[in-house]
Amino acid sequence: MELKKYYRSLTSPEKAEFAKKIGYSPDYIRVHLIPANKKPDSTPPLKRLINLAENTGGNVSFSEVVKHFNRVSTVDDKAA
């Protein structure tokens, strides 16, 4: 699942809990990491990217998190 779709599927309390687990505020996530109509304006450090993936309960893979921030193309992208 895409990171944006995952985050938007969460309720407000779930977003707050997710934000707490990954070390950001819900507002920071909404404005900088998963903005509504543009690309993210901030790319977290590698440790935080891993943390993002780990705290989705398996719903978003590390590869999908990295792809969200356009840091690298994935093996699947190269095969397509």
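This is a guided tour of a predicted model, one selection at a time.

**Ground rules**

Because the model is predicted, local features need pLDDT of at least 70 and side-chain atom pairs count only at pLDDT 80 or more, while totals for chains, interfaces and linings use all residues. Residues are numbered from 1 along each chain as its sequence is written, and side-chain values use heavy atoms, with hydrogens and water left out.

**Whole chain**

Start with the cartoon view. The protein chain shows 6 helices and 0 strands. Read from the N terminus, the order is α-α-α-α-α-α. Helices (H or I, at least four residues) and strands (E, at least two) are DSSP runs, numbered from the N terminus.

Now switch on the surface. The accessible area of the protein chain is about 5200 Å², and 52% of that belongs to carbon and sulfur atoms. Areas come from the Shrake-Rupley method with a 1.4 Å probe; for residues, only the protein chains shown count as cover. Of the 80 residues, 30% count as buried. Buried means under 20% relative accessible area, exposed over 50%, and partly exposed in between (1.4 Å probe, protein chains only).

Next, the contact map. A contact means heavy atoms within 4.5 Å. Among contacts between residues at least 6 apart in sequence, 51% join residues at least 24 apart.

**Stop 1: the core**

Select Phe18, Ile29, Leu52, Val65 and Phe69. These residues have the most contacts inside the largest nonpolar core, which has 17 residues. Helices H1 (3-9), H2 (12-22), H3 (26-33) and H4 (46-54) each supply at least two residues of this core. A nonpolar core is a set of buried Ala, Val, Leu, Ile, Met, Phe, Trp, Tyr and Cys residues joined through side-chain atoms within 4.5 Å.

Keep Val65 selected. Leaving out residues up to four places away in sequence, Val65 touches Leu49, Leu52, Ala53 and Val60.

**Stop 2: from Val65 to a surface patch**

Add Ile50, in helix H4. The C-alpha atoms of Ile50 and Val65 are 8.1 Å apart, with their positions 15 residues apart along the chain. Ile50 is partly exposed, because its relative accessible area is 33%.

Now add Leu46 and Phe62. With Ile50, they make a nonpolar surface patch of about 250 Å². Leu46 sits in helix H4. Patches are made of residues with over 30% relative accessible area and no salt bridge: like charges are joined within 9 Å, nonpolar side chains (Val, Leu, Ile, Met, Phe, Trp, Tyr) within 5 Å.

**Stop 3: the H4-H5 loop**

Select Thr56, in the loop between H4 and H5. Is Thr56 buried or exposed? Thr56 has a relative accessible area of 2%, so it counts as buried. Setting aside residues within four places in sequence, Thr56 is in contact with Tyr6 and Phe18. Draw a distance from its side chain to the backbone nitrogen of Val60. A polar atom of the Thr56 side chain lies 3.0 Å from that nitrogen.

**Stop 4: the N terminus**

Go to Met1, in the segment before H1. Its relative accessibility is 43%, so Met1 counts as partly exposed. Beyond four places in sequence, Met1 touches Tyr6, Asn59, Val60 and Glu64. Add Ser61: Met1 and Ser61 are 60 residues apart in sequence, yet 7.7 Å apart in space, C-alpha to C-alpha.

**Stop 5: His68**

Select His68 in helix H5 (residues 62-68). At 16% relative accessibility, His68 counts as buried. Which residues does His68 touch, not counting those up to four places away in sequence? Show Leu3, Lys4, Leu33, Ile34 and Pro40.

**Stop 6: the salt bridge**

Finish in helix H3 with Asp27 and Arg30. How many salt bridges are there? The count is 1. Asp27 pairs with Arg30, and their closest N and O atoms are 3.5 Å apart. A salt bridge is a side-chain nitrogen of Lys or Arg within 4 Å of a carboxyl oxygen of Asp or Glu. Asp27 and Arg30 are 3 residues apart in helix H3, so about one helical turn separates them. Asp27 is partly exposed, because its relative accessibility is 49%.

Last selection: Ala16, in helix H2. Ala16 is partly exposed, at 37% relative accessibility. From Ala16 to Asp27 the C-alpha distance is 9.3 Å, and they are 11 residues apart in sequence.

Methods:
Polar contact = N/O pair within 3.5 Å; in protein donor to acceptor, adjacent residues only side chain to side chain.
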